[in-house]
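Here is my note on the model, point by point. Please keep the structure open while you read.

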Amino acid sequence: MHMPVTVRFAPSPTGRMHIGSARTALYNYLLAKRVGGRFILRIEDTDQKRFSPEAEAEIIEGLRWLGLDWDEGPDIGGPHAPYRQTEAREIYREHAQRLIEKDHAYPCFCTAERLARMREEHRARKEQPLYDGLCRRLDPAEAAQRIAAGERHVIRFKTPNEGTTTVTDMLRGEISVENKTLDDFILVKSDGLALYHLAAMVDDRRMAVSHVIRGSEWLSTLPLHALVVRAFGWREPAWCHLSLFLKPSGKGKMSKRDATQAMTEGHSIFIRDLKEMGYIPEGILNWIALMGASFDEAQDVFTLEEMIQRFDLGHLNPSPAAINFEKADHFNGTHIRRLSTDDLAARLAPVFAKAGYAPDGAKLRQVAAAVQVRIVTLDEAVDMGGFFFRENVAPDPKDLPGKGLTPAQSADALRAAREILAAKPAFDPTASEEELRALAEKLGYKPGVLFGIMRSAITGQTVSPPLFTSMEIIGRETILARMGAAEAVLRKM
RNA sequence: GCCCCCGUUGUCUAGCGGCCUAGGACGUGGCCCUCUCAAGGCCAAAACACGAGUUCGAACCUCGUCGGGGGCACCA
């Protein structure tokens, strides 16, 4: 008998969408697709203080760009609305009330000041900073009276004082903690809004979530969450805590400063940045999927579809993984090479446009084919092939003379080459290659030397796609003009 | 300080008691190809944290040590 699988990606809109959350979303998505289950997007915005209005948009934009489509969510609705926790306040309140009635929770009137003082004392005595249970011992009648009088209060969970709580994590097996080390954590804040510990559990229940796949920063609160679920008498979801992403050095998780540092080195952990840097979804997906998991013993390049076919929770790795930006480049380049020419051209169009060029269709296709194996990110196509779309090139004069040749010798060679090309009634550079090689031999130069001069003259670069391919894209008149111009420069040197 | 988790080359990983003289990938070095740059092909260096135990046999099981990480909020 199979329970229907439902998973959810539940980010909080407090910051930018980064590769860590993208990977969590990906694994959730993969499991859902693998078994034909549902994938829900839920926004956990109970933290009003840290709420950022742009964050939700960036999350949605990031997921869409990556192609991780959801079946239910705040933007598209679904049978379990609301999908934003601030829109479900009453639901959480009712549930908190039920917990109080079942003697699993209690109102607490302690002030923030008292709590802070208490914590300080605990730390001073090197004890665990747990709530001391003052209000837990309050007479319920008195508590009810104070609430009726409008006194500010929070609702705390009544954690068992004795025994141990054991929870099963799919990747780690059983995890046990002694209940006396667990805090009477707050379920509902004094402003009436639930905290994650309550809201997420209630929502997972409401939405019939079968597998909770989330970051392992939640591992330490897992027993608490299991206790809440059990207090309600609900069936527990399968818990699966993903490994953490560590900074490239492997020492600690990425901090804000590390993220900034990465930017100065030309990297980023943020999805939107990666997109703007010219990474493609296929590359990013492949990259993050393999940090903390393996999909196949003998293969490591996968499309989303292939990942779905091979996804297996059992192949997730519980140990933390250091981020490796070189691999992002590797996977991105690999996936760019796998694109069809038309597809690459379509993706390159906005990149060239952004750089100020007006790429037309047919030529863009040719350029795409020419740069395809030479670029790691889409943006690199501009450096490698921008000259295809420029009216004029301005080669650095010092790059013009052939290796080991004087400017005069180079000018002569260039003129001779130009004459060969100009003499052809039908312009076909590739067909002229043999003749040009013969020319080089006649002059006593290596072909590469002659081609080097031509490359500088025609492309304005010392590095470019293959000369003859490039010439075909550029066209006769432009080539002859550029060669002539370069010769003139050489004559004056 | 307390609680929890993790530990195979520099990095991501395969390995689930004999298939391991530990496999793949990134990166690194070399060679080949070559008009530049790439891509591609071939080769190389590089790891089971340590110590006990269990067993005929341990990277795989157990315990300890050490190392790393996460959490300890009216944040998520």
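1. A charge sits over a ring if NZ of Lys or CZ of Arg is within 6 Å of the ring centre and within 35 degrees of the ring normal. Arg-146 fits that description: its charged end sits over the ring of Phe-109, 4.2 Å from the centre. Arg-16 does the like with Phe-270, where the charged end is 4.4 Å from the ring centre. Keep in mind that this is a predicted model.

2. Now the layout of the chain. The domain assignment splits chain A into domain 1 (1-75 + 243-338), domain 2 (86-242), domain 3 (341-389) and domain 4 (397-491). Note that domain 1 is written as two stretches, 1-75 and 243-338. The centres of domain 2 and domain 4, taken over C-alpha atoms, are separated by 76 Å.

3. Next, the aromatic rings. A pair of aromatic rings is described by the distance of the centres and the angle of the planes. How many aromatic pairs does a search of the whole structure find? The search finds 13. One of them joins Tyr-29 and Phe-39, with 5.9 Å centre to centre and 80 degrees between the planes, an edge-to-face pair. This pair links distant parts of the chain, 10 residues apart. Tyr-29 belongs to helix 1 (residues 19-35), and Phe-39 to strand 2 (residues 38-41).

4. Are Tyr-29 and Phe-39 buried or exposed? Tyr-29 has a relative accessible area of 8%, so Tyr-29 is buried. Phe-39 counts as buried because its relative accessibility is 1%. The cut-off for buried is under 20%.

5. A second pair is tilted. The ring centres of Phe-295 and Phe-302 lie 5.7 Å apart, and their planes meet at 40 degrees. Why is this pair called tilted? Planes under 30 degrees apart count as stacked and over 60 as edge-to-face, so an angle that is neither counts as tilted. Phe-295 is buried, at 9% relative accessible area. Phe-302 is buried too, at 1%. Both rings belong to one aromatic cluster, together with Tyr-27 and Phe-311.

6. Turn to RNA strand B. How many residues surround RNA strand B? There are 63, and the closest are Thr-46, Asp-47, Leu-290, Arg-437 and Arg-455. Of the RNA atoms that come within 4 Å of the protein, 73% are sugar and phosphate.

7. What is this surface made of? The residues near RNA strand B divide into 25 nonpolar, 18 polar and 20 charged. Helix 12 gives the most, with four residues. Several elements each supply at least two residues, among them helix 4 (112-124), strand 6 (173-178) and helix 18 (447-459).

8. Some contacts with RNA strand B deserve a look. A polar side-chain atom of Thr-46 lies 2.2 Å from a phosphate oxygen of the strand. For Lys-253, a side-chain N or O atom is 2.8 Å from a phosphate oxygen. Arg-337 contacts another part of the backbone: a side-chain N or O atom is 3.3 Å from a sugar or linking oxygen.

9. Last, a histidine. Where is His-80 placed? His-80 is in the loop between helix 2 (53-66) and helix 3 (89-101). His-80 counts as buried because its relative accessibility is 18%, and the cut-off is under 20%. The side chain of His-80 makes a polar contact of 2.9 Å with the side chain of Glu-72.

Terms used
Residues numbered from 1 in each chain as written. Chains lettered and ligands numbered in written order. Predicted model: local features only at pLDDT ≥ 70, side-chain atom pairs only at ≥ 80, totals over all residues. Heavy atoms only, no water. Phe/Tyr/Trp six-rings, centres within 6.5 Å; stacked < 30°, edge-to-face > 60°. Buried < 20%, exposed > 50% of the residue type's maximum accessible area, 1.4 Å probe, protein only. Near = heavy atom within 4 Å. Polar contact = N/O pair within 3.5 Å; in protein donor to acceptor, adjacent residues only side chain to side chain. Nonpolar A, V, L, I, M, F, W, Y, C, P; charged D, E, K, R; others polar. Domains from an automatic or database assignment.
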